[in-house]
Amino acid sequence: MSVDISADTARVETAMSGSVIPKSGSSVSSKSPAGVELKAVGELGDRDNENSVYYTERKNNFDANSYTIQKGQKGWGGLEQKIKELDMKAQDIEKNEDGDVPVAVREQAEKDKGGDKFGTWNGVFVSCLLNIFGVIMFLRLPWTVGQAGIWLTVIIILISNVVTTITTLSMSAICTNGEVRAGGAYYLISRSMGHRIGGPIGVLFSLGQAVAVALYVIGFCETVVLLAPSTISGDELNDIRIFGLMVVSILLTMAYIGTGWVIKLQIFLLGLLVSSILSVIIGSLGATPEDEEKGFIGISSSAASDNANPEFRDGYDFFSVFAVFFPAVTGIMAGANISGDLEDPSKNIPTGTLWAILVSTIVYIVMAVLIGAVVQREPEGAENGLYGDPLIMVTVAIPYIGGPLVLAGIFAATFSSGLASLVGAPRILMAVAQDDLIPALKPFSVVRASDSSPIRGYFLTYIVSSGCILIGSLNAIAPLISMFFMITYGLINLSTFALEISKSPSWRPIFTYYNHWVSFGGFLLCLVIMFLTSWFIALAAIFIAAALYFYIDYRDPPVNWGSANQARQFYNVEKSMMRMRNFHSHVKTFRPHVLLLSGEPNDRLHLARFVASLRKGYGITVYGNVIKGDYEDQVKMFRHRKLDHGYFEDTSVPNLKVRGFLSSVIAPNMRQGVQSLLCCSGLGVMRPNTLMVEFLDDWDRLLKIHSKIGEEKKAMGAPVLESAKDVDDWIAVIRDGFKMGMGVMVARNLKKIDWESPKAENPTKTIDVYWLVDDGGLTLLIPYIISLHDWWKHRCISNPIRLCIVGDAASCGVVTSLVRMFRIPCEINPCTLEGTEVDSLEHYKTYSRPKVVNKESKMKDKHWKNVADLIKKESKDAGIVFCTLPYPLKGIDNGMYMSWLDALSEDQPTILIRGNNENVLTFYLE
């Protein structure tokens, strides 16, 4: 075995027998009886390493199996145990000498396949037809023909199936783009459109399934009440409610016990439904005199002519009738709902669902035309016919055996569909709860240990469906279900459209018989039908979905499923950046893009919060972090601490959210690292134009240390030799920023600002600005931008900027006029340097700087110390001070330069700032 320390995980390729694991650093090469060499690559020497370890069996380059030791099986103990298991498997591989798939592979395939998996026909096709051929077909199709007439009924059927066909094509594309797991429509939408959209749809779809339980139960009980010779409560509606609560209780008991036996009866139930339909078709060929009294007159041109056109009654119109009928075709999701139990969902769902739609469409159209041709709307002197007899199909069916067969089909369809919805709704809710999108649903993620049944979800569905059963009217429940399913179908179509236009390389569906514009048309069709059916219910459903969307967005759970929205955002960003390739900077479009040398931002949140208050400038913020050291030595730490993840955010202060891009580099020293950041930070035109650093508070101590010699220097060690270089590099960084054409800000004492303090009731603070040099206007623009932020508004006076002008009356007049033309609201405060006494600042004499002998240097030294004295007097109560930053000329001693900065920023929170002489303020329109 050869060992190479190179990663946080280890991959071991083995199929040998009797292998021995060496200690870290050893090298062994061994072969199994099958002639397979055992190799290992990875960080195996650490016995406490909790990272996953991957194994693969190979024989003649054939992958036999993949195994993973999950976190928790530490180090060599778990590794040795897994090698023993692989040794056992290797024996099976040896026995397979005929060139076929190895025994281990066949065993794993059988295990993955499982004995209870369903296929296209016995799973998806049958499940869909069982839900489509149900209560609406037997109890409401004749009523639909009576209301809308034959031709409009056919149109209703076709529109309904256009919706379901487009949705199935969209769903098939999504299903064949990857492995489909449990969760049905929720899984498809959430993994396509993201958790913000998927979460609300999962809740609404689960709720729709719960309401569907009530629909099927009411259909079951309506049939029972119509067949009963008398009522038990004196009112048929109350009888439906009583029987409904009894039936749903039975369904709950069956779900609690287990429903596996019901699923195994699907073929039998479908056969019963097909027999019922055939019985109606054959029975329509002839009618008895008793049948004619009920409105069934046999095939008749007069009946077909009378029933061809619509005759809406009781306040119904085309779309309200459509809403009652539409739940008949919603069974297309039955296959997706059991996706976790299918052999190959990517193949089973498209094929089975499309065939189910085709067959059911033909059957529904045939039944609608046939019923319209043989049954009168309303026989004379009777309340039967298409309008008044929900069980007219029992009359039309073959005499003697047909009626009981149709009744058996009604009972079987409604009971099985009700049970399927009662079982399906909690599982969708469980999928949402297990994704932890909505904390209130967390209790419903718990399942029973024996069979993974969501028992709590069963009881919640029971409560919701019981409440709907108390409504007692199938025609009132059906539009609610239509609305929930329309939202779901619409978003499935929108998901396919979004995935297609996202231009993501991962969108590679095997099913290609779809068009994203057709899918988008399906989404619009669902949306239009929702509002035409019932604008009030549509708005209520959208309001619930929107409320859940914004809640999940506000909570922002840590999930990442690679949604179409994310892919599209990448695409849009790339396109937008490329559109700006011909963009040329202009003074009117200038906004400060800040490169903040923060190190790790959490260590200097005071700096990050100040930059966050520049958000009203709507520029980018890049947090620069230099890791000093050798690349090979630091790169593992760099990746382990995720310093390359590219984004930083802190929301501990609600109205001062810190966010920006994190750019980290590895460099031998600080200056080289900063130079790399200056060259490479940003992308395209979105590059920093302003450098911000924090003042080097201990500069004086570093220079003093460096000035000492002998034993003291030796005792301090190597860092002493670098002390002065730290100061030199810090000043050089400022100079490098100017050379790069950036403005520069030096921050000091920002820790003195209580960033987390509540807003002041009577704010008195000001933002004092000392604009001493024409630098293009950056010194004036930055204070103006922060004054727009709510954090400063709540802590400063109404007109917070106080512009302190140093000069005579004429200079003040010129600057005042210029500021007004720039439209910067501020208070002008004329100041003079006369009367300032540098000698009164005794601590200046303690600075480690050379004696000033040059006349020009003496003048500069006196000037900046006078400005520092002025700031002390004029701005002692200011909230923050902005002052022009002295330029670090090479001829000025570093000690002298640092003493200027120290004096200018000694007491108050201060930003020493200087532009790069590029104009950032203008009063022109061009």
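Which ring does the charged end of Arg 448 sit over? Select Arg 448 and Tyr 256 together to find out: the charged end of Arg 448 sits over the ring of Tyr 256, 5.0 Å from the ring's centre. Keep in mind as you look around that this is a predicted model.

**Stop one: aromatic rings**

Stay with rings for a moment. The structure holds 28 aromatic pairs. For one of them, select Phe 133 and Tyr 364, whose rings are tilted, with 6.2 Å from centre to centre and 50° between the planes. These two residues bring distant parts of the chain together, 231 residues apart: Phe 133 belongs to the loop between helix H3 (120–132) and helix H4 (135–139), while Tyr 364 is in helix H15 (residues 345–374). Are the two partners buried or exposed? Both Phe 133 and Tyr 364 are buried.

Next, select Phe 205, Phe 322, Phe 326, Phe 485 and Tyr 489 in one go. Ring pairs link these five residues into a cluster.

One further Phe is worth a click. Phe 531 sits in helix H21 (residues 516–533). With a relative accessibility of 32%, Phe 531 counts as partly exposed. Now add Phe 319 to the selection: the C-alpha atoms of Phe 531 and Phe 319 are 9.6 Å apart in space, although 212 residues separate the two in sequence.

**Stop two: salt bridges**

Side chains of opposite charge can pair when their charged atoms come close. How many salt bridges does a search of the whole structure find? The search finds 20.

Begin with Arg 609 and Glu 756, which form a salt bridge with the closest N and O atoms 3.5 Å apart. Here again distant parts of the chain are linked, 147 residues apart: Arg 609 is in helix H24 (residues 605–612), and Glu 756 is in the loop between strand E10 (743–748) and strand E11 (765–770). Show the surface and compare the two ends of the bridge. Arg 609 is buried, with a relative accessible area of 7%, whereas Glu 756 is exposed, with a relative accessible area of 56%.

Move on to Arg 748 and Asp 697, whose side chains meet in a salt bridge of 3.2 Å, N to O. This pair also links distant parts of the chain, with Arg 748 in strand E10 and Asp 697, 51 residues away, in the loop between strand E9 (690–694) and helix H27 (699–707). Arg 748 is buried, at a relative accessible area of 10%.

For a bridge within one helix, select Asp 861 and Lys 865. Their closest N and O atoms are 3.0 Å apart. Both residues lie in helix H33 (residues 855–874), four residues apart, which is about one turn of the helix. Asp 861 and Lys 865 are both buried.

Finish this stop by selecting Glu 311, Arg 313, Arg 377 and Glu 378, which are linked in a network of salt bridges.

**Stop three: a cavity**

The structure holds four cavities of 30 Å³ or more. Let us visit the second largest, which holds about 50 Å³ of space. Which residues line the second largest cavity? Select Pro 592, Val 594, Val 611, Leu 614, Arg 615, Gly 619, Ile 620 and Thr 621 to see its lining. By class, this lining has five nonpolar residues, two polar residues and one charged residue.

Keep Ile 620 selected and add Met 686. Their C-alpha atoms are separated by 7.4 Å, with their positions 66 residues apart along the chain. Met 686 is found in the loop between helix H26 (670–680) and strand E9. With 27% relative accessibility, Met 686 counts as partly exposed.

**Stop four: two positive phi angles**

Most residues other than glycine have a negative phi. Which sign does phi have at Asp 556? At Asp 556, which is not a glycine, phi is positive, about 50°. Look for Asp 556 in the loop between helix H22 (535–555) and helix H23 (564–579). Asp 556 counts as partly exposed, at 44% relative accessibility.

For the last selection, go to Arg 823. Arg 823 also has a positive phi, about 65°, although it is not a glycine. Arg 823 lies in the loop between helix H32 (809–821) and strand E13 (827–831). With 55% relative accessibility, Arg 823 counts as exposed.

Note on methods:
Residues numbered from 1 in each chain as written. Predicted model: local features only at pLDDT ≥ 70, side-chain atom pairs only at ≥ 80, totals over all residues. Heavy atoms only, no water. 1 Å grid on protein atoms, 1.4 Å probe; cavity = no way out; pocket = protein on both sides within 12 Å on 5 of 7 lines; lining within 4 Å. Points joined across faces, edges and corners; volume = space filled by probe spheres on them. Nonpolar A, V, L, I, M, F, W, Y, C, P; charged D, E, K, R; others polar. Phe/Tyr/Trp six-rings, centres within 6.5 Å; stacked < 30°, edge-to-face > 60°. Buried < 20%, exposed > 50% of the residue type's maximum accessible area, 1.4 Å probe, protein only. Lys NZ or Arg CZ within 6 Å of the ring centre and 35° of its normal. Salt bridge = Lys/Arg side-chain N within 4 Å of Asp/Glu carboxyl O.
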